[in-house]
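Q: Please take a close look at one part of this model: the sheet and the helices that go with it. Keep it brisk, and give the cut-offs.

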Amino acid sequence: RRSAPVVLAVRGLQARYGGFTALDGVGLDVHRGQVAAVIGPNGAGKSTLFDCLAGTLRPARGQVLLADRDITRLPAHTRTRLGIARTFQQLAVFPSLTVAENVRVGAEQGRVADPGAVDRALRLFGLDGPLRTLPAAGLPTGTLRRVELARALAGSPRVLLLDEPAAGLDSAEVAAMARVLKALAADGTALLVVEHDLDLVADLADVVHVMTAGRIVASGPPDRVLDEVGP
Ligand code: ADP
Ligand code: MG
């Protein structure tokens with residue numbers, strides 16, 4: 001899969017919060033059909049990286065390329081339209097909307113107006129039964145994570161940015177999610193996943209990038225990189 005085309009390219013990304021440098025020259029490529037993981041301690045800059053890729057934070061330096069197009073200065077909603085979808089570490093569903101309505105928002109904001117995408121995304125994440133018409137408010141974390149994933153997927157993205165998708169899930173839910181994410185990658189979607197669960201990273205990722213203090217300090221296949229990082 002390393003020979004597949006690069007969908008998302010990040011070059012020399014630097015981001016600051018006031019005088020604090022949160023990203024200090026981050027570069028990476030994500031290929032079509034590849035699962036790339038970003039791991040690293042709290043405060044390393046993983047969510048900041050996602051904010052720069054999704055367009056909610058403007059980097060001080062560097063470039064973000066989506067299929068060779070420089071999107072560094074495009075607003076978030078335009079990037080969504082071009083095919084970058086994300087989920088949030090802090091869940092961001094609309095509580096008053098139903099599960100299906102939340103997913104429909106993703107389809108409307110996404111890359112292609114595909115009326116079948118909502119049903120497909122709901123089905124893929126097991127949300128097509130009675131859950132479909134329930135308001136998101138009050139649903140358990142595991143279900144809300146699936147709603148977020150389905151919402152992101154309903155826009156038929158080229159790149160999925162997943163910020164700690166396993167947080168708050170039990171092991172059966174994690175296993176089910178891993179199966180779906182692998183199927184999406186096999187279909188050609190590029191996935192960039194921030195994740196603390198290293199067993200999930202080992203299971204899912206083709207390549208792992210280790211971030212510390214705003215830099216990528218190691219990159220490679222999980223069997224090599226995770227050994228170096230240690231338990
Ligand atoms: P991670 O997701 O790897 O835990 P973050 O990207 O959230 O790390 O944060 C990277 C660094 O930037 C941390 O030191 C954090 O305190 C700081 N930071 C994140 N968001 C802000 C913000 N809005 N204002 C100031 N500092 C921030
Ligand atoms: Mg984070």
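A: The sheet comes before the helices here.

This is a predicted model: local features need pLDDT of at least 70, side-chain atom pairs count only at pLDDT 80 or more, and totals for chains, interfaces and linings use all residues. Residues are numbered from 1 along each chain as its sequence is written, while chains are lettered from A and ligands numbered from 1 in the order in which they are written.

Four strands make an open sheet, in the order β2-β1-β4-β5, with antiparallel pairing. Strands (E, at least two residues) and helices (H or I, at least four) are DSSP runs, numbered from the N terminus. Two strands pair if DSSP finds at least two bridges between them. The edges are β2 (20-31) and β5 (69-70), each paired on one side only.

Nine bridges hold β1 and β2 in the antiparallel sense. Within that pair, V10 stands opposite L28 of β2. Two residues lie between the strands of the β1 and β2 hairpin, where G18 takes a positive phi near 60°. At the other edge, β4 (residues 61-66) and β5 run antiparallel and are joined by two bridges. There, L65 has D70 of β5 as its bridge partner.

Helix α1 (residues 46-54) packs on this sheet and touches β1 (6-17), β2 and β4. Contact means C-beta atoms, placed from the backbone, within 7 Å. The direction of α1 makes about 65° with that of β2. Axes are lines fitted to C-alpha atoms, for helices over the stretch in contact, and angles run from 0 to 180 degrees between N-to-C directions.

Seven of the nine residues of α1 are buried, so the helix is mostly covered. Buried means 20 or more other C-beta atoms within 10 Å of a residue's own, exposed 12 or fewer, and partly exposed in between. The buried set is K46, T48, L49, F50, D51, C52 and L53. Just after α1, G55 has a positive phi of about 100°.

A second packing involves two helices. The axes of α3 (residues 99-109) and α4 (residues 116-124) come within 9 Å and cross at roughly 125°. That makes α3 oblique to α4: under 35 degrees is roughly parallel, over 145 roughly antiparallel, 65 to 115 roughly perpendicular, and the rest oblique. A100, V103, R104 and A107 of α3 meet A117, V118, A121 and L122 of α4. These residues divide into seven nonpolar, no polar and one charged.

Note on methods. Two residues are in contact if their C-beta atoms, placed from the backbone, lie within 7 Å. Ala, Val, Leu, Ile, Met, Phe, Trp, Tyr, Cys and Pro count as nonpolar, Asp, Glu, Lys and Arg as charged, and the others, Gly among them, as polar.
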